[in-house]
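Trainee: I would like a close look at one part of this model, its sheets. Please take me through how the strands are ordered and paired.

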Amino acid sequence: MQYEILFKQQVGTEDVFLGMSRKDNSTACCEDMVIKIKLPDCKPADVTLDIKECFLALRSPDYRLGLHLPHSVDSKNGKARFNTDTQTLEVTLTMKREFDFINFA
């Protein structure tokens with residue numbers, strides 16, 4: 001089993017072309033964390049996913065993953081989708097950080 005953690009930010013044309021916001025390409029300006037987990041030969045119905053503020057737990061008959069997350073997340077409002085073509089589970093979680101009110105003002 002392989003996994004990767006990606007960071008995602010919402011960027012508009014005013015950010016890209018005009019630089020009107022204070023966003024840059026650092027993780028400090030990202031709103032979401034995306035965890036992609038490859039689960040070969042696994043059915044979506046067999047996967048159990050449990051998200052806590054700083055921890056992701058995945059269980060299936062063939063796989064176990066306990067992952068400490070690099071940032072706190074909103075564990076109640078996330079999205080998970082299983083891509084059957086690539087056998088990849090993609091979990092998108094909104095990050096909760098102490099100074100987000102400054103970064104996204």
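Mentor: What follows goes through the sheets one after the other. Keep in mind that this is a predicted model.

Begin with the sheet of four strands. It is open, and its strands come in the order 1-2-7-6. The pairing is antiparallel. Now look at the edges. Strand 1, residues 2–8, stands at one of them, and strand 6, residues 73–83, also has an edge position. Each has a single partner strand, so one side of each lacks a neighbour in the sheet. From one strand to the next, the twist averages 20 degrees.

Next, go inside this sheet. Strand 2 covers residues 32–38, and strand 7 covers residues 88–95. Seven bridges pair these two strands, in the antiparallel sense. For a point to find on screen, take Ile35: its opposite residue in strand 7 is Val91.

Now move to the sheet of three strands. This one is open too, with the order 3-4-5. Its pairing is antiparallel. Strand 3, residues 48–51, and strand 5, residues 64–68, are the edge strands here. Each of them pairs with a single strand, so one side of each is left without a neighbour in the sheet. The twist in this sheet averages 10 degrees from one strand to the next.

Finish with the pairing of strand 3 and strand 4. Strand 4 spans residues 55–59. Four bridges join it to strand 3, and the two run antiparallel. Across this pair, Leu49 stands opposite Leu58 of strand 4.

Methods: Residues are numbered from 1 along each chain as its sequence is written. This is a predicted model: local features need pLDDT of at least 70, side-chain atom pairs count only at pLDDT 80 or more; totals for chains, interfaces and linings use all residues. Side-chain values use heavy atoms; hydrogens and water are left out. Two strands pair if DSSP finds at least two bridges between them. Axes are lines fitted to C-alpha atoms, for helices over the stretch in contact, and angles run from 0 to 180 degrees between N-to-C directions.
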